[in-house]
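Here are some short exercises, each with a worked solution. Have a go at each task before you read on.

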Amino acid sequence: MFSGMFALFGRIMLALLFIVSGAMKLTDIPATSAYMASVNLPTNLALPTALFEIIGGLMLILGIFTRLTAIVFAAFCLLTALLFHRETADPVQAAAALKNIAIAGGFLCLFAFDQKSYSFDSYRARRKRDADVALATRHDHDETAYRNGERVRVDTAVDRDRRN
């Protein structure tokens with residue numbers, strides 16, 4: 001019952017980390033560029049990285065392409081751990097690397113379980129399902145419809161009642 005709401009809160013918590021981090025990068029591009037140069041990365045990646053974090057975070061909160069965004073952020077976190085926190089003998093760097101690995105794990109769970117509640121993704125899926133049902137009811141009530149020239153089976157309320 002509350003799992004959809006908890007999934008939304010989880011998405012918000014994960015996203016806030018990146019929105020705030022991206023905003024901080026955006027407000028101080030020279031410092032971000034210098035930090036990237038310190039690990040031998042191109043300095044011109046500072047602005048795209050900041051925008052990626054902000055836009056990706058907003059996509060997570062709104063639930064837009066949630067699974068794709070989650071897998072991209074998981075890869076981003078793992079790359080961040082590998083590129084920026086290589087000195088694992090330093091306890092601060094080791095903690096930062098583990099933090100990024102743990103966040104990547106959270107994104108992989110989000111990808112795997114695909115919680116669509118309270119998201120744009122669920123809205124799109126609901127609209128598609130409603131369109132399929134409407135299409136089926138217009139075609140002789142046989143619960144078979146055609147989409148893009150292909151025959152599709154539509155799961156209607158009658159089917160769900162028969163299974164229960």
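In which helix is threonine 49 found? Keep in mind throughout that you're looking at a predicted model.

**Exercise 1. Place threonine 49 and describe its surroundings.**

Solution. Start with the location: threonine 49 is found in helix H3. Next, check its accessibility. The relative figure is 13%, and buried means under 20%, so threonine 49 counts as buried. Last, look for its contacts, skipping neighbours within four places in sequence: threonine 49 is in contact with Lys25, Met36 and Phe76.

**Exercise 2. Work out how H1 and H3 run relative to each other.**

Solution. Begin with the geometry. The axes of H1 and H3 cross at roughly 160° and come within 8 Å. Now apply the cut-off: angles over 145 degrees count as roughly antiparallel, so that's the label for H1 and H3. As for handedness, H1 passes H3 in a left-handed crossing.

Then see who meets whom. On the H1 side you'll find, among them, Leu8, Ile12, Phe18 and Lys25, and they face a set in H3 that includes Leu47, Thr49, Ile54 and Leu58. Sorted by type, the residues of the contact of H1 with H3 come out as 15 nonpolar, four polar and three charged.

**Exercise 3. Do the same for H4 and H5.**

Solution. Helix H4 covers residues 66-84 and helix H5 covers residues 91-113; their axes lie 8 Å apart, at an angle of about 165°. That angle makes H4 roughly antiparallel to H5. The crossing of H4 past H5 is left-handed.

For the contact itself, H4 brings residues including Ala70, Phe73, Cys77 and Phe84, while H5 brings residues including Ala97, Ile101, Phe107 and Phe111. Split by type, the contact of H4 with H5 has 16 nonpolar residues, four polar and one charged.

**Exercise 4. Follow the aromatic rings around phenylalanine 73.**

Solution. First, the overall tally: a search of the whole structure finds nine aromatic pairs. Take phenylalanine 52 and phenylalanine 73. Their ring centres are 5.0 Å apart and their planes sit at 45°, so this pair is tilted. Phenylalanine 52 lies in helix H3 (residues 46-62) and phenylalanine 73 in helix H4, so the pair ties together parts 21 residues apart in sequence.

How accessible is each partner, phenylalanine 52 and phenylalanine 73? Phenylalanine 52 has a relative accessible area of 28%, so it's partly exposed. Phenylalanine 73, at 0%, is buried.

Now try another partner. Phenylalanine 73 and phenylalanine 76 make an edge-to-face aromatic pair, with 6.3 Å from centre to centre and 80° between the planes. Both of these residues lie in helix H4, three residues apart, or about one turn of the helix. Phenylalanine 76 is buried, just as phenylalanine 73 is.

Finally, put the rings together: Phe18, Phe52, Phe73, Phe76 and Phe107 form one aromatic cluster.

**Exercise 5. Find two loop residues with positive phi and compare their accessibility labels.**

Solution. Go for asparagine 40 to begin with. Its phi is near 65°, a positive value in a residue other than glycine. Asparagine 40 has its place in the loop between helix H2 (29-38) and H3. With a relative accessible area of 71%, asparagine 40 is exposed.

Then turn to phenylalanine 65, where phi is near 50°, again positive in a residue other than glycine. Phenylalanine 65 is found in the loop between H3 and H4. Its relative accessibility is 44%, so phenylalanine 65 counts as partly exposed.

**Exercise 6. Spot residues that are far along the chain from their partners, and give the distances.**

Solution. Try tyrosine 118, which is found in the loop between H5 and helix H6 (120-138). The C-alpha atoms of tyrosine 118 and glycine 4 are separated by 6.7 Å, with their positions 114 residues apart along the chain. If you don't count residues up to four places away in sequence, tyrosine 118 touches Gly4, Met5, Leu8 and Arg11.

Then take methionine 13, found in helix H1 (residues 3-27). With a relative accessible area of 60%, methionine 13 is exposed. From methionine 13 to leucine 60 it's 47 residues in sequence and 9.7 Å in space, C-alpha to C-alpha.

How values were computed. Residues are numbered from 1 along each chain as its sequence is written. This is a predicted model: local features need pLDDT of at least 70, side-chain atom pairs count only at pLDDT 80 or more; totals for chains, interfaces and linings use all residues. Side-chain values use heavy atoms; hydrogens and water are left out. Axes are lines fitted to C-alpha atoms, for helices over the stretch in contact, and angles run from 0 to 180 degrees between N-to-C directions. Helices (H or I, at least four residues) and strands (E, at least two) are DSSP runs, numbered from the N terminus. Angles under 35 degrees count as roughly parallel, over 145 as roughly antiparallel, 65 to 115 as roughly perpendicular and the rest as oblique. A crossing is left-handed if the near helix is turned anticlockwise from the far one by less than a right angle, and right-handed if clockwise. Contact means heavy atoms within 4.5 Å. Ala, Val, Leu, Ile, Met, Phe, Trp, Tyr, Cys and Pro count as nonpolar, Asp, Glu, Lys and Arg as charged, and the others, Gly among them, as polar. Rings of Phe, Tyr and Trp (its six-membered ring) pair if their centres lie within 6.5 Å; planes under 30 degrees apart count as stacked, over 60 as edge-to-face and the rest as tilted. Buried means under 20% relative accessible area, exposed over 50%, partly exposed in between (1.4 Å probe, protein chains only).
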